[in-house]
Amino acid sequence: MSTTPNSPASDRPANPDEPSCKVNAGSHDAPASPAGKRPAPPCTLVIFGAGGDLTKRLLMPALYNLAVDGLLDGGMKIIGVNHGERETKEWVDDLHKSLEQFAADKASTFHAGKLDDKAWDWVAQRLDYMAGEFETDDVFTRLKQRLEQTPGGNVIFYLAVSSRFFKPIVERLGKAGLLKEGEGGKGGFRRIVIEKPFGTDLASARDLNAHILSYADESQVYRIDHFLGKDTVQSILAVRFANALFEPIWRREYIDSVQITAAETIGVEGRGKFYEQTGAFRDMLPNHLFQLLGMVAMEPPNSFDAEAVRDKKADIMNAIQPLTPDDVVFGQYEKGPAGIGYREEPDVAPDSTTETYAAARVFVENWRWAGVPFYLRTGKRLAARRTEISVQLKPVPFRLFRDTPVDALTPNVLTLRIDPAHGTSFDFNVKTPGPVMQVGAVQSSFDYADFFAERANVGYETLLYDCMLGDETLFQRADSIETSWAAVDDVLHPKNGGAVPVRGYPAGSEGPAEADALLARDGHAWRPLKQQAIEKK
């Protein structure tokens, strides 16, 4: 996570038709970088899975945006490795076409309007395609020959591939000597970026870590979670630690409960084969939602040094009380107002018991959070798309208002909105106008768009840039990965052999009723997904 100042909004022109970086098509000079930021060092980025959806939708838009912002060195090269013979020009043209489509799509995270042709040309000149199978030695021999020409020897290997290829690719990189870094501070760095899923349970995560770390040092491994690339997620630390208002009350004495929600309105969208093997719980809880929990619950680090931040997050993962089946609710969407049921989706078994919804009650066993429940939920085909964190404060003593015409005071809730809306809101109580002491609920809110210029951002820009700089703050360590899986192992492998039942819920609803009952045990309730801002009178 770069700690240099953010570039001013004026760095990117408001008119998308105007070029936003000045480069000569044949030049190796990078665009001017924003004030307070430096370009990443020269390196070669090797993308395994260069023809895949991840490369088209996320990596290439992120690289384009970094080029626009002048954060890539002129000596950078990008080698795409994929099965299937094709010319580099064909691959480049395919990427360009996809980029133009995403830029024109207002629903896309990469809604950049018209592409800056000079910026794209700058990136395109650095693209090189190499055909090869990921499990054959030949491709790594040829790759080594190409990398011998790399300026400074700096190389990042990005594994944008199915998880079954993680071990064979790292093993062949290691055996080919491609992970060996210069000794005594001389020579270039060699880094590996690995996407989730990083294992499917504790045993597989340990096995994968052991295999990778037999060929590479922990400092070379960048386990990526795209949630942490979102500006609004990184802003959690700024909200907590840059404001004297929050930190004194950010503890069990004042906080009643915390809700973390990642809800989607879409279904599995043609990914039935993947989802049948994974499910909502494995896909979201031990990684994405636990990462958000870590950002909310971690102790203040002494600095924003990568290891200082990661140590504090690791402390939280270690303090999570292991979940049991009683702490969890699974659901699966059925035919409803929003469409067909999960079992009617392509590549889904007609009798599938895979969960598309998961809710959990989590406790963090440390001095700050003892007794405070963290409620996590995620699901598909729900009533609204919403990723947010809601921190509810404890109620005030009610005796003062016993004679006023009010049945209940609105709880004070600070909500950090991550997606699709970006900002914060705070619900609190005031006296309504008039001669009677009557209390009314109001809301104060802040939206990023009201203060900062909108920027095309797919969430990978910061992660790629930090990897090039060697900043591991936003990447997961092996110990935290394993601790997260350990916390949910009893749910995935119940000791008594009883699997968590999967409850049905109508597509387009708030989820299964059993999830409501999970919170009702503690006298709490989920915040409605279709919740509106408090109405102005």
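1. Residues F166, K167, V170 and E171 of helix α5 meet D207, L208, H211 and I212 of helix α6 in this predicted model, where contact means heavy atoms within 4.5 Å. The residues of this contact comprise four nonpolar, one polar and three charged (Ala, Val, Leu, Ile, Met, Phe, Trp, Tyr, Cys and Pro count as nonpolar, Asp, Glu, Lys and Arg as charged, the others, Gly among them, as polar).

2. The axes of α5 (residues 166-175) and α6 (residues 202-213) come within 9 Å and cross at roughly 15°; axes are lines fitted to C-alpha atoms, for helices over the stretch in contact, and angles run from 0 to 180 degrees between N-to-C directions. The two helices are therefore roughly parallel (angles under 35 degrees).

3. An open sheet of six strands follows the order β3-β2-β1-β4-β5-β6, with parallel pairing; strands pair if DSSP finds at least two bridges between them. Helices (H or I, at least four residues) and strands (E, at least two) are DSSP runs, numbered from the N terminus. Since β3 (127-131) and β6 (221-223) stand at the edges with a single partner strand each, one side of each is left without a neighbour in the sheet.

4. Helix α1 (residues 53-68) lies across β1 (44-48), β2 (77-82), β3 and β4 (155-159), and runs at about 165° to β1. Helix α11 (residues 461-469) also packs on the sheet, where it touches β4, β5 and β6.

5. Residues are numbered from 1 along each chain as its sequence is written. Local features need pLDDT of at least 70, side-chain atom pairs count only at pLDDT 80 or more, totals for chains, interfaces and linings use all residues, and side-chain values use heavy atoms, with hydrogens and water left out.

Note on methods. Parallel < 35°, antiparallel > 145°, perpendicular 65-115°, else oblique.
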